[in-house]
Amino acid sequence: MKHVAVDVGASSGRLLMGELVSGKMELTEIHRFQNGFTEVDNQCVWDIDHIFTNILIGLEKLKKTGVTSCTLGIDTWAVDYCLLDKEGKRLHEVVSYRDKRTDYAMEEVLAKVPAADIYEKTGIQFLQFNSLYQLYVEDVALKKRVDAVMMVPDYLGYLLTGVGVTEVTNASSTQMLNLHTKQFDEDLLHLVQLDAEQFSRFVNPGEMLGKVSRKWHEQYDLPDCDVIVVATHDTASAVLGAPGTGDDWAFLSSGTWSLLGAELPNPINSEVAFEANYTNEWGAYNTFRFLKNIMGLWLIQEVARMQNYAYSYAELAELAAGEEAFSILIGVDDYRFLNPTDMIAEIQAYCMETGQPIPETPGRLARAIYDSLAVQYAIQVEQLQVLIGKEVRHLHIIGGGSNIAILNQLTADLTGITVHAGPTEATGLGNLAVQMIASGEAKDIAEVRALIRNSTKVTTYVPSNGVNMAEIRARYKNISGKQEAF
């Protein structure tokens with residue numbers, strides 16, 4: 001049986017075909033395309049039509065390889081949404097979470113509803129770009145015309161099949177789902193001037209969405225596709241693709257964002273978790289992703305972009321390896337790095353303001369980023385162990401960041417625990433995992449994770465001695481504590 005994962009991230013999208021061959025999961029990339037937000041009328045927006053068209057182009061490519069039938073699942077980033085009218089037409093451009101419209105929205109919301117109350121209800125980390133704050137500042141006249149609110153992957157599924165749903169792993173990222181009622185919280189809906197009826201029915205990963213609409217078959221030569229609702233939040237899919245075993249492991253989904261946490265059977269929305277600003281995102285198969293959202297490889301991606309990609313990411317990592325360790329540290333979660341005009345200039349200004357050497361070369365810039373990310377990872381691993389009440393002995397780094405050897409080794413050294421790097425395509429694998437279980441090819445996620453361990457390359461990094469984590473952490477906290485974190 002052929003399965004297709006449509007995995008769309010902030011910088012690119014791809015269609016991966018997966019199938020079981022001799023007891024292993026084989027992946028084939030069918031189509032890859034660029035993604036990113038652009039500025040239109042002073043707003044950062046996504047070209048959602050470009051994304052959808054590329055899904056159809058990818059499926060047409062698949063058909064040309066001889067595949068006539070398959071299942072398909074879609075995952076994307078979280079928090080962004082589409083507003084539709086009664087005819088199912090999109091009312092607006094899809095605004096990116098990096099747009100500045102929410103710069104002060106969280107402050108306004110928290111002036112009306114105490115943060116502790118929101119956290120007790122939702123258990124979700126406070127980030128200024130959560131859907132709650134985006135919807136709060138959304139045009140009031142526009143909201144009055146809304147018949148349906150759909151998260152981005154739900155909207156892409158709706159375009160493909162004509163069926164609207166609200167998938168729970170992505171919906172939880174809105175900071176509007178109530179942990180106790182399992183519904184959108186009425187008080188928070190009232191705050192953003194929306195009604196529960198404006199959202200489609202909730203579905204869990206593994207449910208059938210429907211067939212690809214006939215009109216797309218008339219325009220494109222497509223295979224017969226059964227569209228399955230997967231864990232549509234890409235982090236939820238990535239964690240499903242992590243090859244962890246036992247109960248002493250944590251995950252670090254390393255991409256544009258870094259998501260560090262543990263998979264738990266129940267949420268932790270205690271006062272201590274609230275103070276640490278940890279999140280309880282809903283996962284597949286009755287789990288919760290208890291994690292911290294960290295800025296991630298966006299920093300290095302922007303440094304590369306500002307240099308017109310004169311250096312590949314692998315070359316930047318190689319240059320970083322030749323620089324002095326921990327000579328420059330930056331508070332990676334400082335709000336100023338969320339979407340600066342010039343990331344290099346922003347990092348240099350930060351270093352000047354904090355009395356540090358100014359990184360002028362690509363190698364020094366990359367080293368500062370990798371060192372700082374590793375320190376933040378170590379701090380959060382320590383915090384995570386306190387919050388979940390048990391020791392973490394293995395950290396699974398998954399996603400594109402699992403290829404960065406220098407960062408993986410730094411993370412092992414600073415955390416003092418064994419790091420397992422890979423698979424790179426964890427998100428696609430997690431997407432496919434749900435399709436395989438829904439199709440009866442696998443019994444449960446434990447069985448699929450065993451398949452993933454048997455099918456993919458994982459590199460192990462053992463902690464080395466000689467790193468003075470206490471001194472480095474104290475310097476990092478002193479530097480980052482002077483800045484405004486998001």
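**Entry 1: α13 against α15**

I looked up how helix α13 and helix α15 are set against each other in this predicted model. α13 covers residues 313–321, and α15 covers residues 362–388. Their axes cross at roughly 85°. Angles of 65 to 115 degrees count as roughly perpendicular, so α13 and α15 are roughly perpendicular to each other. I also noted the distance: the two axes come within 7 Å.

Next I listed the residues that make this contact. From α13 I wrote down Tyr313, Leu316, Ala317, Leu319, Ala320 and Ala321. From α15 I wrote down Pro362, Gly363, Ala366, Arg367 and Tyr370. Then I sorted the contact of α13 with α15 by class. I found nine nonpolar residues, one polar and one charged.

**Entry 2: helix α12**

I moved to α12, residues 298–306. Is this helix mostly covered or mostly open? It is mostly covered, with seven of its nine residues buried. The buried ones are Trp298, Leu299, Ile300, Gln301, Glu302, Val303 and Ala304. I checked what these buried residues pack against. Their partners are β4 (37–40), α13, α14 (343–353) and α15. Just after α12, I noted asparagine 308, which takes a positive phi of about 55°.

**Entry 3: leucine 299**

I picked one residue of α12, leucine 299. Its relative accessibility is 0%. Buried means under 20%, so leucine 299 counts as buried. Which residues does leucine 299 touch, leaving aside its neighbours within four places in sequence? I found Val332, Phe337, Met343, Ile369 and Leu373. I also took a distance to serine 312. The C-alpha atoms of leucine 299 and serine 312 are 14 Å apart, and the two residues are 13 apart in sequence.

**Entry 4: serine 237**

I turned to serine 237, found in helix α10, residues 234–240. Is serine 237 buried or exposed? Its relative accessible area is 0%, so serine 237 is buried. I then looked for what its side chain meets. A polar atom of that side chain lies 2.7 Å from the backbone oxygen of alanine 231. Alanine 231 also appears among the contacts of serine 237 once neighbours within four places in sequence are left aside. The others I wrote down are Asp75, Ala426, Thr427, Gly430 and Asn431.

Definitions and conventions:
Residues are numbered from 1 along each chain as its sequence is written. This is a predicted model: local features need pLDDT of at least 70, side-chain atom pairs count only at pLDDT 80 or more; totals for chains, interfaces and linings use all residues. Side-chain values use heavy atoms; hydrogens and water are left out. Axes are lines fitted to C-alpha atoms, for helices over the stretch in contact, and angles run from 0 to 180 degrees between N-to-C directions. Helices (H or I, at least four residues) and strands (E, at least two) are DSSP runs, numbered from the N terminus. Angles under 35 degrees count as roughly parallel, over 145 as roughly antiparallel, 65 to 115 as roughly perpendicular and the rest as oblique. Contact means heavy atoms within 4.5 Å. Ala, Val, Leu, Ile, Met, Phe, Trp, Tyr, Cys and Pro count as nonpolar, Asp, Glu, Lys and Arg as charged, and the others, Gly among them, as polar. Buried means under 20% relative accessible area, exposed over 50%, partly exposed in between (1.4 Å probe, protein chains only). A polar contact is a pair of N or O atoms within 3.5 Å; within protein, one must be able to donate a hydrogen and the other to accept it, and residues adjacent in sequence count only if both atoms are side-chain atoms.
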